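Me: I am new to this structure and would like to understand the reasoning behind the words used to describe it. Could we take the terms in turn and set each value against its definition?

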Amino acid sequence: MRRTPHSSPHLRVMSVLGLLAALLLPLGMSLAPRATAAPAADPVRVMPLGDSITGSPGCWRAVLWNRLVDSGYTDVDFVGTLPPQGCGQAHDGDNEGHGGELVTNVADQNLLPGRLASTRPDIVVIHFGTNDVWSSISPDRILAAYTTLVAQMRASNPDMRILVAQLIPMNPSSCAACAQRVVDFNARIPGWARATGTDRSPVTVVDQWTGFSTATDTYDGVHPDASGDDKIAARWFPPLAAALDAVPPDPGGPGDPGGDPVACTARFRAVSTWQGGYQGEVTVTNTSASAVPGWTATVVPANGTRLTQVWNGALTTAADGTATVTNAAWNGALAPGASATFGFVASAPATAGTPAAAVTCAGRAPAG
């Protein structure tokens, strides 16, 4: 990941050198030419794309932005043709979240290419389709619109990295069928992503549905409240951080070690449950055409659950409960199509209900 240079005393030194030059040149003396500093790398441009859940005001973007900054991702530029809309905390608020917009209309009316040309994103973060689902548009048609937008993104940037959400639940009082429609649509997204992603321009599915409650995490059955914003940002953070780390450096500039991440999938299963906890496992599968020397999985357990023990992997847990598991020495190398499984024990509050977790993964590309 490229970093934004910190401020330094160089400008003061340059001013002193300029003053010395002015004093010495009349005496026939000169200073050796100074080396020109290399230009700073451009920030990585991230476009949040969607409807009112993303942009009106879409305060999960503010939470996510500040988490990125706090984690050291200081050279990121959120981009979009829409300006910030408040949220009560400093953040880069540019976005492409148009209230009331349907993803099918954006595709049918060819609206995205102009927005891409104005903002030139490297990564697109998509939570889009809620209004289409509400309007009873079929999953096939919505996914066809997704495919059109992805093609336009890749025409703008062949190395585009795309994160697409399984939509947060929806249960408005005026649409009794909407809750099930979201479930039905979300079930189709992983298969679409597998068929659409490429090694050069991967499509990563981010489960925003599991563990999200319309009763406690929205203010109207549709739009997130502060609790919902925190949950949405927590789900976006691990895959977005991985995508930021994988964006190629500027041509001719110093690069990060290693290569692009290799596509993989992660699948969660509850093995057994008991009062106050359960045993689970996650299976990581290399879905690319290249072998990988290692992998990292992210587990976001639902309803206040925490991973307390892991085997066949190394565990790191964030303050919000998000768990990152890296491969063990003996199960990191995966041939194309091969899988590795790690197990864990989780503690859960009495009100947690059925075990659930959102899981994602990234394969590590071979060095060199």
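Me: What makes β14 mostly covered?

Reply: A residue is called buried when its relative accessible area is under 20%, exposed when it is over 50% and partly exposed in between, with a 1.4 Å probe and the protein chains only. In β14, six of the eight residues are buried, so the strand is mostly covered. The model is a predicted one, in which local features need pLDDT of at least 70 and side-chain atom pairs count only at pLDDT 80 or more, while totals for chains, interfaces and linings use all residues. Residues are numbered from 1 along each chain as its sequence is written, and side-chain values use heavy atoms, with hydrogens and water left out.

Me: How do you know that β9 and β14 pair?

Reply: Strands here are DSSP runs of E with at least two residues, helices are runs of H or I with at least four, and both are numbered from the N terminus. Two strands pair if DSSP finds at least two bridges between them, and eight bridges join β9 to β14, which run antiparallel, so the condition is met. Within β14, Arg364 stands opposite Gly294.

Me: Which other strands pair, and in what sense?

Reply: Strand β11 (residues 313–317) and strand β12 (residues 323–327) pair in the antiparallel sense, over five bridges, and Leu315 has Val325 of β12 as its bridge partner. Five residues lie between the strands of this hairpin, where Gly321 takes a positive phi near 95 degrees.

Me: Why is α10 described as largely enclosed?

Reply: Of the 21 residues of α10, 15 are buried, so the helix is largely enclosed by the rest of the structure. The expected span of a helix is 1.5 Å times one less than its number of residues, and α10 reaches 30 Å from its first C-alpha to its last, close to the 30 Å expected. A kink of about 35 degrees nevertheless lies at Phe237, shortly before the proline Pro238, where the bend is the angle between axes fitted to the seven residues ending at a residue and the seven starting there.

Me: What makes a space in this model a cavity, and how many of 30 Å³ or more are there?

Reply: On a 1 Å grid over the protein atoms alone, a cavity is a set of points where a 1.4 Å probe fits but cannot get out, and its lining residues have an atom within 4 Å of a point. The structure holds one cavity of 30 Å³ or more, and about 50 Å³ of space lies in the largest cavity, where grid points are joined across faces, edges and corners and the volume is the space filled by probe spheres set on the points. Among the residues that line the largest cavity are Val206, Asp207, Arg235, Pro238 and Thr360, and the elements that give two or more residues to the lining are β6 (203–207), α10 (226–246), β9 (294–301) and β14 (357–364).

Me: Why is Cys87 called partly exposed?

Reply: Cys87 has 24% relative accessibility, which is not under 20% and not over 50%, so it counts as partly exposed. Cys87 lies in the loop between β2 (76–78) and β3 (96–97), and its phi is near 95 degrees, a positive value in a residue other than glycine.

Me: How do you know that Asn110 counts as partly exposed?

Reply: At 47% relative accessibility, Asn110 falls between the two limits and therefore counts as partly exposed. Asn110 is found in the loop between α4 (103–108) and α5 (112–119).

Technical notes: 1 Å grid on protein atoms, 1.4 Å probe; cavity = no way out; pocket = protein on both sides within 12 Å on 5 of 7 lines; lining within 4 Å.
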